[in-house]
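Me: I have a chain here that I'd like to understand piece by piece. Could you go through its fold with me, with the cut-offs as we meet them?

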Amino acid sequence: MSLQPHGPVTVGVALPVPDPWGTAVREARLGYGEARAAHIPTHVTLLPPTETTAARLEALLEHLADVARDNPPFAMVLRGTGTFRPVSDVVYIQVAQGVSSCEQLEQAVRDGPVCRELVFPYHPHVTVVHDEPTEVLDRAFDELADFTAEFEATEFVAYVHHGDEVWRPLVTYQLTGPPTVG
C-alpha cells in the first residue's frame, strides 16, 4: 500500500463501538457540548493520536495486519461511568468485560514501528466528556451511569488526520487470530 500524505501525519488506532451504541454515545457527547465528537468515531483507544511520517505509517499498517492476524475477536461489555478527575477532566463509559483483550491489543500495537510513550497508564474506556465545565462532567457521569452495551469486538481501525482534527478511517483490520483457550 502506498500512501502519499504531504508532511507529517497523525495516526490513531482504535476499537470502534458498533451501532446502535456508537451513535448513542456520539449523540450524548454532542449533547454535552463535545463538538469534536462530530469528527471522532465512538471508540476504545489502542494508540492515541501520534504524529509520524508516511514511511513509518506504512510500516505501522503492515504491523497492524500482523496484530489482527494474531488476535481473536472477543466479547466486550461497556457498563456505567467512570472519571479520571481530579487528574484529568474526563468522564467515560467503563469497559466492564474485555479489559485484558484491550490491554493485549494496545501493547501489541505500541510494540510496532510507531512508538508512543503514554502520559498515563493504559486504561481502556470510551470517552464521553473531556475538558468541559464541572457541571457538564457531573451531569454526564450521572445520566450515563446505567449505560450498558454488549458486543463482540471483531475489528480495529487505523485513523488519520492532517491537522484538522477530523479522524478519517484509513484501514479496518478484522481480528482473525485463533480463539484463546481457558
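Me: In which order do the four strands of the open sheet that holds E4 stand?
Reply: This is a predicted model, where local features need pLDDT (the predictor's confidence in each residue, from 0 to 100) of at least 70, side-chain atom pairs count only at pLDDT 80 or more, and totals for chains, interfaces and linings use all residues. Residues are numbered from 1 along each chain as its sequence is written, and side-chain values use heavy atoms, leaving out hydrogens and water. Helices (H or I, at least four residues) and strands (E, at least two) are DSSP runs numbered from the N terminus, and two strands pair if DSSP finds at least two bridges between them. Here the pairing is antiparallel, in the order E5-E4-E3-E6.

Me: Which strands of that sheet have one side without a neighbour, and why?
Reply: Each strand at an edge has a single partner strand, so its other side is left without a neighbour in the sheet. The strands in that position are E5 and E6.

Me: Which residue does Tyr-92 face?
Reply: E4 and E5 run antiparallel and are joined by five bridges. The residue of E5 opposite Tyr-92 is Thr-127.

Me: Now the sheet with E1: which strands are at its edges?
Reply: This open sheet also has antiparallel pairing, and its four strands come in the order E2-E1-E7-E8. Pairing on one side only is found for E2 (43–52) and E8 (168–174).

Me: What is opposite Thr-10?
Reply: E1 (residues 9–16) pairs with E7 (residues 155–161) in the antiparallel sense, over five bridges. In E7, the residue standing opposite Thr-10 is His-161.

Me: At about what angle to E2 does H3 run?
Reply: Axes are lines fitted to C-alpha atoms, for helices over the stretch in contact (heavy atoms within 4.5 Å), and angles run from 0 to 180 degrees between N-to-C directions. H2 (residues 54–70) lies across E1, E2, E7 and E8, at about 30 degrees to E8. H3 (residues 99–110) lies across E1, E2 and E7, and its angle to E2 is about 15 degrees.

Me: How is H2 oriented relative to H3?
Reply: Their axes come within 9 Å and cross at roughly 150 degrees. Angles under 35 degrees count as roughly parallel, over 145 as roughly antiparallel, 65 to 115 as roughly perpendicular and the rest as oblique. The crossing angle therefore makes H2 and H3 roughly antiparallel.

Me: How many charged residues are in the contact of H2 with H3?
Reply: His-63, Leu-64 and Val-67 of H2 meet Leu-105, Ala-108 and Val-109 of H3. Ala, Val, Leu, Ile, Met, Phe, Trp, Tyr, Cys and Pro count as nonpolar, Asp, Glu, Lys and Arg as charged, and the others, Gly among them, as polar. By class there are five nonpolar residues and one polar, while the number of charged ones is none.

Me: Where does the pLDDT fall below 50?
Reply: The chain average is 90, and 95% of the residues score at least 70. One stretch falls below 50, with 11 contacts beyond near neighbours in sequence: residues 1–5.

Me: Which residue does a cis peptide bond join to Pro-86?
Reply: Most peptide bonds are trans. Pro-86 is in the loop between E3 (74–83) and E4 (90–97). With omega about 10 degrees, its cis partner is Arg-85.

Me: And which residue is joined in cis to Pro-20?
Reply: Pro-20 is found in the loop between E1 and H1 (21–31). Omega is again about 10 degrees, and the partner is Asp-19.

Me: What is the phi of Asp-131?
Reply: Asp-131 lies in the loop between E5 (125–130) and H4 (134–143). Most residues other than glycine have a negative phi. Asp-131 has a positive value, near 60 degrees.
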